[in-house]
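Welcome to this short tour. Open the model in your viewer and keep the selection tool at hand.

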Amino acid sequence: MTQMTNKANYNAISIEKYRAKAADYDASAQFTMPLRRRTIALLQLKPGDVVMDVGAGTGLSYALLRDAVGPTGRVLAFEQSPDMFKLAQQRVQREGWSNVWHQESSAEKAALPEQVDAILFNYTHDISRTPDAIANIMRFAKSGARIAMAGVKFFPWWTGPLNLLAWAKNRPYNAKAADLWAPWDIVQSHCERFAWESTQWGMGYIAQGRLKTA
Ligand SMILES: C[S@@+](CC[C@H](N)C(=O)[O-])C[C@H]1O[C@@H](n2cnc3c(N)ncnc32)[C@H](O)[C@@H]1O
């Protein structure tokens with residue numbers, strides 16, 4: 001019972017954080033566009049692929065993903081914040097993208113219409129740290145699906161107080177901002193191959209993996 005209450009709180013805390021952030025999100029995310037492109041490139045998407053955009057926010061990755069899967073491919077996405085999702089929806093309507101399917105849903109409850117070849121986790125820390133959310137996402141992945149992740153992490157432990165900075169920087173965005181030692185390890189546990197490297201002077205990471213084959 002306690003655990004269920006905690007989970008509900010993390011979702012509610014995150015929704016509240018993004019209520020304040022949604023309007024300025026796209027402007028503030030501009031400086032991370034090169035890293036976003038690099039992360040999407042790790043998915044090695046090809047025409048006709050179906051790709052999942054986890055916690056898609058305002059849909060800032062949709063255009064890049066569509067370019068990579070072409071007109072015969074599809075982008076499937078979900079986002080739990082009503083404020084962020086509304087902007088994603090406006091983007092899709094404005095652009096008239098018929099091969100983007102998305103829903104307003106938590107990662108724990110999302111239900112996708114088909115299985116995917118690849119999964120993007122771009123700055124989705126709270127989702128990546130939630131085993132139930134990851135288990136639900138994996139239900140919609142084809143055997144051997146490709147994974148790419150980017151996000152925030154703590155500096156190495158020996159940098160000491162620097163991690164106070166990492167925590168403070170992440171708290172406005174993440175309900176689980178103290179859980180930054182190995183933010184990829186729940187996703188990694190579903191993979192047969194996985195590799196990560198540091199970005200942003202050690203305060204970020206980028207990772208690539210392949211899900212276990214059935
Ligand atoms: C830093 S934003 C990243 C958005 C997008 N992936 C991007 O690259 O621009 C994190 C997003 O994850 C969403 N989120 C957090 N927890 C979630 C959950 N449990 N289920 C679905 N979305 C969630 C937030 O609402 C927010 O839009």
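Which atom of Gly55 lies 2.8 Å from a nitrogen atom of the ligand? Select Gly55 and look along the chain itself: it is a backbone N or O atom. Keep in mind as you go that this is a predicted model.

Next, pick Ala107, where a polar backbone atom is 2.8 Å from a nitrogen atom of the ligand. Taken alone, the ligand exposes 600 Å², and the protein buries 96% of that. Now show the side chain of Arg36, which places a polar atom 2.8 Å from an oxygen atom of the ligand.

Widen the selection to the whole shell. There are 22 residues around the ligand, and those that come nearest are Tyr25, Gly55, Glu79, Ala107 and Asn122. Colour the shell by residue class and you should find eight nonpolar, 10 polar and four charged residues. Then highlight helix H1 (2-28) and helix H5 (125-128), each of which supplies at least two residues of this shell. H1 gives the largest share, with four residues.

For the last stop, select strand E4, residues 116-122. Seven of its seven residues are buried, so E4 is largely enclosed by the rest of the structure. Add strand E1 (residues 50-53), which runs parallel to E4 and is joined to it by three bridges. Here you can click on Met52 and find its bridge partner, Ile119, in E4. Finally, bring in strand E5 (residues 141-152), which pairs with E4 in the parallel sense over six bridges. Zoom in on Phe121 to see Met149 of E5 standing opposite.

Key
Residues are numbered from 1 along each chain as its sequence is written. This is a predicted model: local features need pLDDT of at least 70, side-chain atom pairs count only at pLDDT 80 or more; totals for chains, interfaces and linings use all residues. Side-chain values use heavy atoms; hydrogens and water are left out. A residue is near a molecule or strand if one of its heavy atoms lies within 4 Å of it. A polar contact is a pair of N or O atoms within 3.5 Å; within protein, one must be able to donate a hydrogen and the other to accept it, and residues adjacent in sequence count only if both atoms are side-chain atoms. Accessible areas come from the Shrake-Rupley method with a 1.4 Å probe; for residues, only the protein chains shown count as cover. Ala, Val, Leu, Ile, Met, Phe, Trp, Tyr, Cys and Pro count as nonpolar, Asp, Glu, Lys and Arg as charged, and the others, Gly among them, as polar. Buried means under 20% relative accessible area, exposed over 50%, partly exposed in between (1.4 Å probe, protein chains only). Two strands pair if DSSP finds at least two bridges between them.
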